[in-house]
Amino acid sequence: MSTLSEKDQMKKKVGEYAATFVQPGTVIGVGTGTTAYWMILALGAKVKEGFDIKAVPTSKQTEDLARAQGIPLTTLNDIEQLALTIDGADEVDPGWQLIKGGGGALLQEKMVAAASKRMLVIADEQKLVPALGRFPLPVEVIPFGYKQVYRKILALGCPSVTVRAAADGSPYITDHGNYILDCHFGVISDAASLGEALHDIPGVVEHGLFIGLATEVLVGYSDGRVGELKQ
Ligand code: 5RP
């Protein structure tokens, strides 16, 4: 009997199915999180059978996992363009705008997605929302003077901002040495404008709004189906 929760089973199914979208001989971006985990395991199994790919990881965690699975790695500096990136999401709206960064890897994830011809999003059905904003928007900021950034985000109309904490209560540190501010905006009606306003704040490194990057979305449903969304 499987010990996975219903949610984890959805993540496993959609992650494993996503691995079938990868073409041999390509360089792909591999995402971060508990859904991408299953995709990386499935890719690792294919590589062990001789499947030829190279991967650019979106975090240290993914780099370690992919390496342990025997997946050959390369870097964003060593390639011009990736054929495909497969990554999870915290929220997906009907226009395929995303909130990402729940796992703290949004900076590298966005850079890898932006360098890819296609971005395949893998999500369980609970990630589909009518409008972004139920999930707090992660914003990566440099530690220097971060309280200034914090105040400027509140001044944009965000009712509550929290500094993401590590298990010991100290600020969570990203792979790139930064902090994450989790911004509880509530419903985000104009993600593009909000994204621009956040980028205009000195000290903001990147935010978790992914706009115009997703080209395909695969969804795992609680009844065991995996479906591809159509626009
Ligand atoms: C990490 C991310 C993840 O893709 C996102 O948090 C979804 O994670 P999971 O698949 O574990 O639900 O953006 O920065």
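In which loop does tryptophan 96 lie? In this predicted model, tryptophan 96 is placed in the loop between strand E4 (91-92) and strand E5 (98-99). Its phi is positive, at about 65°, although tryptophan 96 is not a glycine. Most residues other than glycine have a negative phi. Tryptophan 96 has a relative accessible area of 10%, and because buried means under 20%, this residue counts as buried.

**Domains**

The domain assignment of the chain gives domain 1, made of residues 6-129 together with 212-223, and domain 2, made of residues 137-207. The C-alpha centres of domain 1 and domain 2 lie 24 Å apart, and the contact between these domains takes 13 residues from domain 1 and 14 residues from domain 2.

**The open sheet and its helix**

Six strands form an open sheet in the order E2-E1-E3-E6-E12-E13, with mixed pairing. Its edge strands are E2 and E13 (226-228), each of which pairs on one side only, and the twist from one strand to the next averages 20°. Although E2 is an edge strand, 4 of its 5 residues are buried, so E2 is largely enclosed by the rest of the structure. Helix H2 lies across E1, E2, E3 and E6, and runs at about 150° to E1.

The table sets out strand pairs from this sheet together with the pairs made by strand E7.

| Strand pair | Sense | Bridges |
|---|---|---|
| E1 and E2 | parallel | 5 bridges |
| E6 and E12 | parallel | 5 bridges |
| E7 and E9 | antiparallel | 5 bridges |
| E7 and E10 | antiparallel | 3 bridges |

Individual residues can be placed within these pairs. Valine 30 stands opposite proline 57 in E2, and isoleucine 122 stands opposite leucine 218 in E12, the latter strand covering residues 216-220.

**The nonpolar cores**

The largest nonpolar core has 24 residues, and those with the most contacts inside this core are Val22, Ile28, Met39, Leu43, Ile53, Ile71 and Ile86. At least two residues of this core are supplied by each of helix H1 (6-18), strand E1 (26-30), helix H2 (36-48), strand E2 (53-57), helix H3 (60-68), strand E3 (82-87) and strand E6 (116-124). The largest share, 6 residues, comes from H2, the helix that lies across E1, E2, E3 and E6. Leaving aside its neighbours within four places in sequence, valine 22 is in contact with Ile28, Leu43, Phe51, Ile53, Leu84 and Ile86. Apart from the largest core lies another one, of 22 residues, among them Val141, Val149, Leu181 and Ile201.

**Strand E7 and its partners**

Strand E7 (residues 137-141) is mostly covered, with 5 of its 5 residues buried. Leu137, Val139 and Val141 point one way from E7, whereas Pro138 and Glu140 point the other way, and all of these residues are buried. One partner of E7 is strand E9 (residues 179-184), in which leucine 181 stands opposite valine 139. Another partner is strand E10 (residues 204-207), where glutamate 206 stands opposite glutamate 140. Val141 of E7 and Leu181 of E9 are among the residues of the core of 22 residues.

**Threonine 58 and glutamate 109**

Threonine 58 is found in the loop between E2 and H3, and at 0% relative accessibility it counts as buried. The side chain of threonine 58 reaches the backbone oxygen of valine 30 at 2.8 Å, and a polar contact of 2.7 Å joins the side chains of threonine 58 and threonine 32. Once neighbours within four places in sequence are left aside, threonine 58 is in contact with Val30, Gly31, Thr32, Asp87, Ala105, Gln108, Glu109 and Val112.

Glutamate 109, one of these contacts of threonine 58, has its place in helix H4 (residues 106-114). How accessible is this residue, buried or exposed? At 4% relative accessibility, glutamate 109 counts as buried. With its neighbours within four places in sequence left aside, glutamate 109 is in contact with Thr32, Thr58, Asp87, Lys100, Gly101 and Phe210. Thr32 and Asp87 thus appear among the contacts of both threonine 58 and glutamate 109.

Note on methods: Residues are numbered from 1 along each chain as its sequence is written. This is a predicted model: local features need pLDDT of at least 70, side-chain atom pairs count only at pLDDT 80 or more; totals for chains, interfaces and linings use all residues. Side-chain values use heavy atoms; hydrogens and water are left out. Buried means under 20% relative accessible area, exposed over 50%, partly exposed in between (1.4 Å probe, protein chains only). Two strands pair if DSSP finds at least two bridges between them. A nonpolar core is a set of buried Ala, Val, Leu, Ile, Met, Phe, Trp, Tyr and Cys residues joined through side-chain atoms within 4.5 Å. Contact means heavy atoms within 4.5 Å. Axes are lines fitted to C-alpha atoms, for helices over the stretch in contact, and angles run from 0 to 180 degrees between N-to-C directions. A polar contact is a pair of N or O atoms within 3.5 Å; within protein, one must be able to donate a hydrogen and the other to accept it, and residues adjacent in sequence count only if both atoms are side-chain atoms. Domain bounds come from an automatic or database domain assignment.
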